[in-house]
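Please open the structure in your viewer and keep the selection panel at hand. The tour goes from one selection to the next.

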Amino acid sequence: MAAPQQQKLKVNGPVAVTANRLTDGAVVWRTKAGGWSVELADAAVVTTADAALALLAEAGKRDLDAVGPYVAPVLVGTDGALAPGNLRERIRVAGPTFELPH
Amino acid sequence: MPLIEKGEIVADAYVRVADDEALPEGAPVLIGIDRLLSEAEALKGRQAPVGIIWPNNRPIAEIEPYLPQLALIALNFPSFRDGRAYSQARLLRERLGWTGPLRAIGNVLRDQFLLMERSGFDQIEAVKPADAEAFDEATHRYTVFYQPATDARPSLLRQRLGRTIAGIRS
Amino acid sequence: MYAYDEFDRAFLAERVAEFRDQVGRRLSGALSEDEFKPLRLMNGVYLQLHAYMLRIAIPYGTLSAAQLRRMAHVARVYDRGYGHFTTRQNIQFNWIKLDELPEAMAALAEVGVHGIQTSGNCIRNVTTDQWAAATPEECDDPRIWAEILRQYSTLHPEFTYLPRKFKIAVTAAGHDRAAIKVHDVGLRLHRNEAGELGFEVLVGGGLGRTPFVGKSIRPFLPARELLSYIEAIMRVYNQYGRRDNIYKARIKILVHEIGAEEFSKAVEAEWAAIRDGALHLTDEAIADIRDRFIYPAFETLENEPAELIEALADPRFATWHRNSVHTHKVPGHAIVTISLKPVGAPPGDATADQMDVVADLAERYAFSEIRVGHEQNLCLPHVAQRDLPALWAALDAAGLATPNVNLVNDIISCPGLDYCALANTRAIPVAQEIAKRFADLDRARGVGRLHINISGCINACGHHHVGHIGILGVEKNGQEFFQITLGGRADEHAQLGTLLGPAVSYEQVPGLVEDVVDTYMELRAGPHELFIDTVARLGVEPFKERVYAAH
């Protein structure tokens with residue numbers, strides 16, 4: 001199916017920009033300072049399509065740190081804590097939903 | 001963009017001329033398909049060499065009547081991921097008997113040089129100067145070729161029967 | 001086993017060096033991601049949800065013990081201690097780092113293993129019957145021809161940037177275990193009336209968004225003409241396959257749009273020009289490849305030796321023996337399937353420790369040879385029947401003797417949204433829940449042969465269209481939903497399943513599958529009518545009525 005990168009951008013709530021780190025593929029989030037962090041808590045959060053596109057455009061300027069940036073929904077708790085906004089992002093943050101072989 | 005011919009970076013003698021531009025007198029030109037089709041007869045009288053950029057979505061067999069009047073054929077890679085010109089190149093060399101220069105143009109990158117050489121290209125117009133510098137390395141990275149193609153590199157299909165790795169490098 | 005020679009080893013070393021250079025250029029910025037992506041894909045490297053994924057080819061499903069042990073090593077050192085066997089005789093590692101990939105690949109190349117052309121728009125790993133050279137059903141070892149195709153297609157200069165990926169499967173047995181009718185090219189090796197070897201050639205099969213069963217374009221192609229004919233097919237496809245729309249770029253769409261007859265004519269015309277050329281396979285060239293397959297020196301043994309008869313008194317062993325042991329062409333020997341579907345575990349996964357156990361057992365009991373089937377199970381193709389009790393005891397101790405091969409919880413599943421960047425829904429946990437509903441294997445055995453296939457998106461890596469019960473994940477308003485089809489099959493009678501009814505939620509799937517199975521148990525003509533035959537006899541309507549009335 002189409003990955004989020006290929007889909008039309010719809011923003012109806014808080015969103016952040018996420019990607020995978022070039023060297024190891026780890027999930028990273030675009031920060032306010034214009035870098036990348038593996039912590040969702042560090043993500044820059046915006047709420048309009050224009051702001052999201054601006055954040056995405058900035059993130060896409062250089063593809064040496066992170067690969068395949070796209071806009072992903074996040075949830076902002078009453079205490080301001082961030083959580084992933086859909087199942088795909090929950091899995092990216094927390095890993096597969098079943099016990100891994102060991 | 002640097003032009004590589006038979007492994008060396010060379011000056012490009014050909015001038016690319018758009019369909020609506022006048023042909024420069026006495027200079028080798030590289031023209032588009034529309035001009036060739038509409039002015040084929042007139043072009044025959046031209047003193048300087050004529051090369052053609054043949055599009056990758058047009059059957060290459062259609063070029064056959066024009067071959068005697070052409071001095072260069074360029075095949076296009078609109079993206080390096082679009083591999084139609086490899087088949088066109090092989091058909092030109094192996095089916096239509098083209099022995100003149102065959103140039104790869106477009107989104108031509110280092111990691112495809114070897115494939116182009118093996119398909120019969122002897123001129124490569126590289127997008128990146130650094131890629132052109134690395135031509136020798138890029139085309140000699142492999143010593144083993146499993147299948148026969150247009151180039152003279154011996155393929156394993158035959159070579160294996162000799163059972164020795166010595167002498168396989170062309 | 002096929003023995004790599006100095007040429008194959010030199011090639012692999014050169015390929016690893018090239019990839020190391022490409023990774024270096026990517027990390028330095030000389031290559032953009034757009035430029036690098038097709039190069040890494042051509043080496044089996046994907047970027048998935050959590051990390052890079054490395055897909056390793058297991059050509060025609062054959063592995064040596066040393067190769068499997070090296071995969072265990074890679075799983076331990078470069079990954080998280082396990083691997084996933086896929087529906088195309090590959091294995092995937094889910095947690096590899098890009099900067100460690102060249103090292104991992106070098107380690108694999110030392111034993112002749114690689115990820116070359118396991119992705120990208122090129123000719124992919126050629127697959128075949130996991131029972132090759134062991135089953136009494138076949139007319140020749142199909143791996144000889146798969147190996148000829150592997151060599152021919154490796155780094156093919158003309159066919160490395162095709163419109164889309166290209167998958168070839170070969171079978172040499174009447175019963176098709178390689179799903180050749182749902183491949184871009186399917187090759188059925190058989191003998192004609194004169195006793196000569198040749199292929200029936202099918203094209204344009206495939207699953208995904210637009211599924212088709214392949215069409216026969218040539219009933220008999222003399223075997224030695226294989227490469228020139230394949231080259232003709234590839235050349236027609238490379239020039240005329242659609243490149244304007246990624247969803248219409250597979251050869252099946254070209255064949256569908258111009259018709260099998262027109263396509264066949266174009267291929268025959270191209271073939272006429274090249275059939276006597278450099279690709280003509282001489283007897284010497286074929287013999288050279290054939291000679292490098294090393295076959296076991298089988299002992300002369302009787303069927304049903306005393307050790308086996310005695311062990312069959314143990315009902316647990318007897319149950320496994322009935323389920324997982326199959327007839328071998330050599331008396332006194334057997335083919336053993338190793339289920340990678342313990343109830344409740346991710347289908348097709350094996351830990352590094354389990355890989356080591358299988359490698360050890362293959363060395364001790366099976367001439368060091370292991371096979372991988374598209375059903376995501378392993379197989380020991382050559383086991384002496386007298387060794388079966390000891391082999392079973394060792395497999396059982398490692399959790400590798402679940403006697404559920406071909407049963408309802410031998411589920412084929414793609415990785416789904418738990419790993420895959422393309423997926424819409426999860427697939428593995430769905431498989432786990434269904435398997436648990438049938439954890440009572442006596443019940444599963446009562447149901448008999450039933451293949452469930454699950455895909456987490458329309459790309460159909462779980463081959464849901466050809467599952468007896470097919471389950472396809474779709475997203476609706478951010479929720480996971482699943483469409484159910486019945487009556488698909490991937491064998492010599494290949495056909496696509498029929499939609500049962502509206503999609504159901506994640507939570508409803510296991511119950512719905514149970515209802516389908518219960519309905520079958522009530523409607524079947526008798527214990528000998530398989531699920532797939534009941535569906536063929538009655539259609540999906542009676543199932544639909546019962547199942548949707550309950551939900």
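The stops below are mostly in one chain.

The model is predicted: local features need pLDDT of at least 70, side-chain atom pairs count only at pLDDT 80 or more, and totals for chains, interfaces and linings use all residues. Residues are numbered from 1 along each chain as its sequence is written, while chains are lettered from A and ligands numbered from 1 in the order in which they are written.

**Stop 1: the sheet.** Select β3 (62-64), one edge strand of an open sheet in chain C. Helices (H or I, at least four residues) and strands (E, at least two) are DSSP runs, numbered from the N terminus. The sheet has five strands in the order β3-β14-β15-β12-β11, with antiparallel pairing; two strands pair if DSSP finds at least two bridges between them. The other edge is β11 (325-327) of chain C. From one strand to the next, the twist averages 35 degrees. Now add β14 (residues 369-372) of chain C, joined to β3(C) by three bridges. C:T62 has C:R371 as its bridge partner.

**Stop 2: the helices α13 and α12.** Select α13 (residues 388-397) of chain C, which lies across β11, β12 (333-338) and β15 (378-384) and runs at about 10 degrees to β12(C). Axes are lines fitted to C-alpha atoms, for helices over the stretch in contact, and angles run from 0 to 180 degrees between N-to-C directions. Add α12 (residues 352-365) of chain C: its axis is 11 Å from that of α13(C), at an angle of about 175 degrees. The two helices α12(C) and α13(C) are therefore roughly antiparallel (an angle over 145 degrees). Which residues of α12(C) meet α13(C)? They are C:V357, C:L361 and C:Y365, facing C:L391, C:A394 and C:L395. Contact requires C-beta atoms, placed from the backbone, within 7 Å.

**Stop 3: helix α2.** Select α2 (residues 33-41) of chain C, whose buried residues are C:E35, C:F36, C:K37, C:L39, C:R40 and C:L41. Buried means that 20 or more other C-beta atoms lie within 10 Å of the residue's own. These buried residues of α2(C) pack against α1 (6-28) and β1 (45-47) of chain C.

**Stop 4: chain A.** Show chain A as well: 33 residues of chain C are in contact with 25 residues of chain A. On the chain C side, β13 (349-351) and α14 (428-437) each supply at least two residues. The most comes from α14(C), with three residues.

Conventions:
Two residues are in contact if their C-beta atoms, placed from the backbone, lie within 7 Å. A residue is buried if 20 or more other C-beta atoms lie within 10 Å of its own, exposed if 12 or fewer, and partly exposed in between; C-beta atoms are placed from the backbone. Angles under 35 degrees count as roughly parallel, over 145 as roughly antiparallel, 65 to 115 as roughly perpendicular and the rest as oblique.
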